[in-house]
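This report goes through one protein chain and its ligand. It takes up the overall fold, the ligand site and the strand pairing.

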Amino acid sequence: MVLDKPFEVAIIGGGIAGLTLAIALYYRRVPVTVYEQASQFGEIGAGVSFSGNAIQAMKICHQGVYEAFEKVCTRNVWPSKQNVWFDFLDALADAPTSAFTISTDVGQNGVHRARFLDEIVKLVPKEIARFGKRFEHVKEGPNGRLVMSFEDGTTAEADAVVGCDGIKSRVRQVIVGSDHPSARPAYTHKYAYRGLVPMEQAIEAIGEEKALNSCMHMGPDGHLLTFPVNHGKTLNIVAFRTTSDDWPDFNRLTKQVKREDALRDFAGYGPDVTKLLQLTSPDLSVWAIFDTGDHPVPTFSKGRVCISGDAAHATSPHHGAGAGFCIEDSAVLAELLADERVQSKQDIEAVFATFNDQRKERGQWLVQSSRWIGDCYEWRAPGIGRDFAKIEQEIKTRSDIISNVNVPDMCEQAKQGLSTRLAA
Ligand SMILES: Cc1cc2nc3c(=O)[nH]c(=O)nc-3n(C[C@H](O)[C@H](O)[C@H](O)COP(=O)(O)OP(=O)(O)OC[C@H]3O[C@@H](n4cnc5c(N)ncnc54)[C@H](O)[C@@H]3O)c2cc1C
C-alpha cells in the first residue's frame, strides 16, 4: 500500500483504543506503528457490550471493525428482547420480575473480548506492530522528530505519539507530569467478580428468560449484571460490590479469590443472584474498579503527544460505554489526522489540540456519570435511593447522551474545530 502522509504516528498500546486507531489510520494511508508492551495483542476472556454510538464509530474507523463486531456479537436471544438493553430486577425479591426495562435502538450487544480483539487484529498488518515494547519516555530529538524510549533499552522515532496505554497510562504521566494528581487513577470503592458460565447451566438455574436475555439485578450496595455472549452459548456474569475499604495494591488491580467470598458478599440477596454466583468457578478473579474521576486530566494533549481511550478518560463500567468511547476517540482522531490539510508538525499539534477540545468534556462526563449510575443501581444515589421510577429516569436520560449521537457529525464538527485551529 502506498502511504501518502509525510509523517508517522506511533501508538502506544494495542487494546481496543490502540488497535481501532491503528486500523483507522492505516487504511487512511497514514503511516502508523503500534508499540505494545506484551508479547502479542490480547484481551481477557470476559464480556463487553457496545451501544449505538460505538457501532457508528466502528464503521467510521473501518468497515472491517464493524464486520468483526457483527461476527462475534451476541444479542439477546429472544426476538421480543432484541431492543432490550437490560431488564432491571429487584435482587432481593424471592421471585423477581422486571421492575423496568431500558430499550435502545441496538439493544444489548455482548462480545467476548478476546474473540473481538482476535478478529480486529486480522486487520492489523504484521509490519506495523512491535511487541515487548514498554514505553517509558518521549522527547524531541535533534532532527525534530520525537524519540520514544522503551524499558528494554531501545528507542524509536515518530512524528506524533498517541498514548492508548490504558488506565495506568505512562503517556498520561508524561503529559501531566508524574507527580500531578491526575497521573494516577483512583479507586472507586467498587470491585467486581467476573465469570463466564455455560448457558445450559444458567438456564437450569434461573430459567430461559433471564439466562438468554440481559438482566441487571439491583440491590443495596451491590448489583449483578448478566448478558449472553459467544452466540448464546455462554452467560457473562459481573457482580459489583461497594466497599469502604481501600484496595490493597495499586500495582495489581485484580486478585484471585474464592467463589465463597462472592457468595458471602451477596448473602441476603434473592435466589437468582445466589444461583448465578454458585455457577461461577471455585477460583474467581475480582477486579478493582479504578477511574480517573477524582482527578480528571487537565488536557488530553501536549504538543505532538496525546492520549486516547482509557489513558485519557478511564471510567468505571456502569454505563457499559468505556470501550465504545475509545472507538469514538479513534474515529475522531483518525478523521483529523487523515485530513488532507494536515501535513506538518504544527498541523499535528493543531490536530491534537482539536482532539482535546472535542473529546475532553464528553469523555470526562462519562466517568462522572458512570459513578453516579453505578450508585443508582445500588440504591445509594442521594435523592434517588430505591425509587425505581427515578432510577429508570436517570438511566434513560444518561443513556440518551451516550447513544443518541451522530458520530459522523461529531467528526465533522471536529474538522470544523481543526479549521479554526489551523487558521489561528
Ligand atoms: C469490569 C469491566 C467491564 C467493562 N464493560 C464494558 C462494556 O460492557 N462496554 C464498554 O464499552 N466498556 C466496558 N468497560 C470499559 C472498557 O473495558 C475499557 O474502556 C477499554 O477496554 C479500554 O481500552 P484501552 O485500549 O483504552 O485500554 P486497555 O484495554 O487497557 O489497553 C491498553 C494496552 O496498552 C498496553 N500498555 C499499557 N502500558 C503500556 C506501555 N507503557 N507501553 C506499551 N504498551 C502499554 C497494554 O498492554 C494494553 O494492551 C469495562 C471495564 C471493566 C473494568
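## Terms and overall fold

Helices here are DSSP runs of H or I with at least four residues, and strands are DSSP runs of E with at least two, both numbered from the N terminus. The model is predicted. On that basis the chain holds 14 helices and 20 strands.

The chain has 424 residues and a radius of gyration of 21 Å; a compact globule with 424 residues would come near 22 Å, so the two agree. The C-alpha trace spans about 70 × 45 × 40 Å along its principal axes.

## The annotated segment 7–27

An unreviewed UniProt entry lists residues 7–27 as "transmembrane region". In the model, helix accounts for 52% of residues 7–27 and strand for 19%. The C-alpha atoms at the two ends of this stretch are 15 Å apart. The helix α1 covers residues 16–26 and supplies at least two residues of the shell around the ligand.

## The ligand site

How many residues surround the ligand? There are 29, and the closest are E36, S49, R113, D310 and A323. By class, the shell consists of 11 nonpolar, 10 polar and 8 charged residues.

Several elements contribute to this shell: α1, β2 (32–36), β3 (47–49) and α11 (322–338) each supply at least two residues. Which of the elements gives the most? It is α11, with 4 residues.

Backbone atoms of the protein approach the ligand at several points. A backbone N or O atom of I16 is 3.2 Å from an oxygen atom of the ligand. For G324, a backbone N or O atom lies 3.1 Å from a ligand oxygen atom. F135 places a polar backbone atom 2.9 Å from a nitrogen atom of the ligand. Taken alone, the ligand exposes 1000 Å², of which the protein buries 85%.

## The sheet with β3, β7 and β4

Strand β3, which supplies at least two residues of the ligand shell, also belongs to an open sheet of 3 strands. The order in this sheet is β3-β7-β4, and the pairing is antiparallel. Why is one side of β3 and of β4 (74–75) left without a neighbour in the sheet? Both stand at the edges and each has a single partner strand, so one side of each has no neighbour there.

The pairing of β4 with β7 (residues 109–112) is antiparallel and runs over 2 bridges. In this pair, R75 stands opposite N109 of β7.

## Pairing around β18

Strands of a sheet pair through backbone hydrogen bonds, in either a parallel or an antiparallel sense. Strand β18 (residues 283–291) is joined to β13 (residues 186–198) by 7 bridges, and the two run antiparallel. Y191 stands opposite A288 in β18.

Strand β17 (residues 254–258) also runs antiparallel to β18, with 5 bridges between them. Here K255 has V286 of β18 as its bridge partner.

Notes:
Residues numbered from 1 in each chain as written. Predicted model: local features only at pLDDT ≥ 70, side-chain atom pairs only at ≥ 80, totals over all residues. Heavy atoms only, no water. Near = heavy atom within 4 Å. Polar contact = N/O pair within 3.5 Å; in protein donor to acceptor, adjacent residues only side chain to side chain. Areas by Shrake-Rupley, 256 points an atom, 1.4 Å probe, with all protein chains shown as cover. Nonpolar A, V, L, I, M, F, W, Y, C, P; charged D, E, K, R; others polar. UniProt positions renumbered as here; feature names shortened; annotations may be inferred. Pairing = 2+ DSSP bridges. Rg over C-alpha atoms; globule rule 2.2 N^0.38 Å.
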